[in-house]
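Dear colleague,

Please find below the structure that I am handing over to you, together with its sequence. My findings follow directly after it.

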Amino acid sequence: MAENILVIGGGPAGLHAAIELAELGVNVSLVERDTFLGGNPKKFKYKYLFPDLQPADDVIGELIRRAESNGNIKKYLSANVESFKEEGKKFNAVIKSDSGSETKTFDSVIVATGFEHFDPAKDSKYSYQLFDDVIDIKDLERMMGEENFNRPSNGKPPKNVAIILCVGSRDRHVGNQYCSRVCCTVSVKQAIEIREHFPQTEVYIFYMDIRTYGFYEDLYWKAMEEHDVQIVKGRVAEITSGPDNTVICKGEDTLLRGPFEIPFDMVVLASGMEGGPQSPEMANKLGIELDEHGFLKYANVTLSPCKSNKDGIFLAGACTGPKAIADAIIEGGAAAMNAYIYAKKNS
Amino acid sequence: MAEEHNKNSVRPVAEKGEHIIARHLIDDDAIKEEKNLVIDGVDVSGRWNTFIETRVDSEYDRSFFDEIQKTVVGSRINRCWQCGMCTASCTVTPLYRRFNPRSFIYMMQLGNLKQLKKYVDVAWRCVGCYKCSQRCPKQVNPAEMMEALALLIKKYFPEEIKSKHQLIIDEEVKKIYEGMILGHGRLDLANLHTSAMRKMGKTSELLSDKDERGAIFKMMKDGRALSVLRLGKPHKWHKSKDAIDKYLQNTGTLEQESQV
Ligand SMILES: Cc1cc2nc3c(=O)[nH]c(=O)nc-3n(C[C@H](O)[C@H](O)[C@H](O)COP(=O)(O)OP(=O)(O)OC[C@H]3O[C@@H](n4cnc5c(N)ncnc54)[C@H](O)[C@@H]3O)c2cc1C
Ligand code: SF4
Ligand code: SF4
Ligand code: SF4
């Protein structure tokens, strides 16, 4: 008899895990709370992905198509795991969706519930939601995806754009001390996109460090060397309204050692990633551990990533911390292998 | 004796370092000129006796960092990563560009007294609005670091303070300070500054300096002055007040034994 494995979350990590398991002949139940598959990249209509500016549809669309066409994957949309109980080495779960409740027994479980974007309105100094022209990176992804890169205030293309890094990350005040890892790379990618499609628009990136780790550094170099993106070392402490319908960024240029108050047509906040409400929800429901950053905790971060502290429950993707799609997909595969081995041993 | 030297020297020394091209780039302190100088038996007085000290920093003075870290107000100096959020939010920096909390903290971290000395005239200008501490992502509490800085300047550069400002830390000022702490539970530096000037009979001086006057008017106009004055009392202040009252009865003063 085939194994039964539950995958919670239909983003890149969950999709890839489900596909791999299905190809091994496992009966997969894929539970997604949204009305669609694809996770955050789909929800916010990411258009081109770093590192190689590949159309998102080639990656996310492809994963969705593979999952949808595989008969071994039973999809539950607008769904959630309502209750969850261990029974010996197995797990009983009630899955609630539009089509009612279903109780099933699983040999193992993969949690891939992902992340939430930090809500910049929580950090009032950036005046997000106060001024129409202050947006964040997910808003910009969506605008690019909808091919509508104009100032929300007047529908006209911006003359200049400020991108502010580390919003909601690396900051004791907002409660997130970690680095969100992808926002630097997303930001230089977006700077390139802006400059490529709207060469009249000047782009300035305000940074404290630029963490385009590994080969993502290529994008950073490209942004500067091929697209003349300007980088300014310093932070912005206040955003106020300026003349001619602009917004003023008040900050310090730490290299020039002096304050600036510069008007921009548009400001993009590089808001980071958070564990979201789903991480504690999963921790409570499944009896697994949460880490001090609000994400789900690996049993051993070096030796056994993908394993939770509970036998038979595995973790994949951004639910364990900020990461790029490629990493989320790799973890989806690794978690699938772990879950498969566990199921095989105990069935 | 000095007069004799002057007479005997090849040429009287006029302005310090007057032969240096681009003289404005070099600090007074870095120029060494002896009126009469003999090196290895060769008299190099006059034109050849101007020396410019190297401007390469050649050591970090760690003891200084430790000293600041031991104080209550400076205890978080090890946290600062120089992001500039404090300076970016500072009420005073836009008015006095040389007042830069981030860079002062850096100088304190590295024990660069030589640099700090250049800012003695502005380093005490913090108005205690705490905007920086509200925003600092590392919770360094830069507003209090500025107090650590003030203590430090008082200790290391007493002469500069006297000559530049004739600051008199007298009993009157102490009384204003205590009244403020006991009455409001907070130190309002802008208020302390003006009250102290008033007590010393220097109110007019406050308004005679062009920068200062401009600063005051600008702050009144854009509402910052109000926000500074409107600081509320801390939560459950009466409890702390009782404790301070008791402490005062025993010691007679709020002023700490100078640790810096
Ligand atoms: C603005 C931005 C741009 C980015 N651009 C790129 C890029 O160009 N290239 C790149 O490699 N990476 C990029 N990333 C990173 C990328 O978004 C993540 O790596 C990826 O989304 C992680 O996939 P995931 O499946 O782990 O999580 P998610 O994408 O968050 O998916 C999790 C899924 O789980 C579902 N879910 C959550 N809770 C529950 C629940 N209780 N029950 C059921 N389902 C639930 C969610 O609805 C969601 O569908 C970007 C990130 C940001 C913030
Ligand atoms: S990736 Fe960059 S912008 Fe994001 S938190 Fe890290 S340093 Fe800040
Ligand atoms: S004190 Fe805080 S805000 Fe100022 S530079 Fe240091 S870390 Fe940044
Ligand atoms: S407390 Fe002092 S240093 Fe901090 S922002 Fe206010 S004036 Fe500037």
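A:Arg170 sits in the loop that connects strand 12 (160–167) with helix 5 (183–197) of chain A. The model is a predicted one, and in it A:Arg170 has a relative accessible area of 5%. Because buried means under 20% relative accessible area, A:Arg170 is classed as buried. Its side chain has a partner: a polar contact of 2.7 Å joins the side chain of A:Arg170 to that of A:Asp209.

I turn next to ligand 1. There are 34 residues around ligand 1, and those that come nearest are A:Glu32, A:Asn40, A:Phe50, A:Ala318 and A:Lys323. Both domain 1 (4–114 + 276–346) and domain 2 (117–272) of chain A contribute residues to this shell, and ligand 1 therefore lies between the two domains. Four helices of chain A each provide at least two residues of the shell, namely helix 1 (12–23), helix 2 (39–43), helix 7 (278–286) and helix 8 (325–346). Sorted by class, the shell around ligand 1 consists of 19 nonpolar, ten polar and five charged residues.

Several atom pairs link the protein to oxygen atoms of ligand 1. A:Asn40 places a polar side-chain atom 2.8 Å from an oxygen atom of the ligand. For A:Phe50, a backbone N or O atom lies 2.7 Å from an oxygen atom of ligand 1. A:Pro12 likewise has a backbone N or O atom at 3.1 Å from an oxygen atom of ligand 1. On its own, ligand 1 has 1,000 Å² of accessible area, of which the protein covers 98%.

Ligand 4 has a shell made up of 13 residues, the closest being B:Cys90, B:Cys126, B:Cys129, B:Tyr130 and B:Cys132. Eleven residues of this shell are nonpolar and two are polar, while none is charged.

As cysteines are named among those residues, you may ask how many disulfides a search of the whole structure finds. The result is zero over all chains. A disulfide is a covalent bond between the sulfur atoms of two cysteines.

Two further cysteines of chain B may be of interest to you. B:Cys83 has a relative accessibility of 10% and so counts as buried. B:Cys136, with a relative accessible area of 7%, is buried as well.

With kind regards

Key
Residues numbered from 1 in each chain as written. Chains lettered and ligands numbered in written order. Predicted model: local features only at pLDDT ≥ 70, side-chain atom pairs only at ≥ 80, totals over all residues. Heavy atoms only, no water. Near = heavy atom within 4 Å. Polar contact = N/O pair within 3.5 Å; in protein donor to acceptor, adjacent residues only side chain to side chain. Areas by Shrake-Rupley, 256 points an atom, 1.4 Å probe, with all protein chains shown as cover. Nonpolar A, V, L, I, M, F, W, Y, C, P; charged D, E, K, R; others polar. Domains from an automatic or database assignment. Disulfide = S-S within 2.5 Å. Buried < 20%, exposed > 50% of the residue type's maximum accessible area, 1.4 Å probe, protein only.
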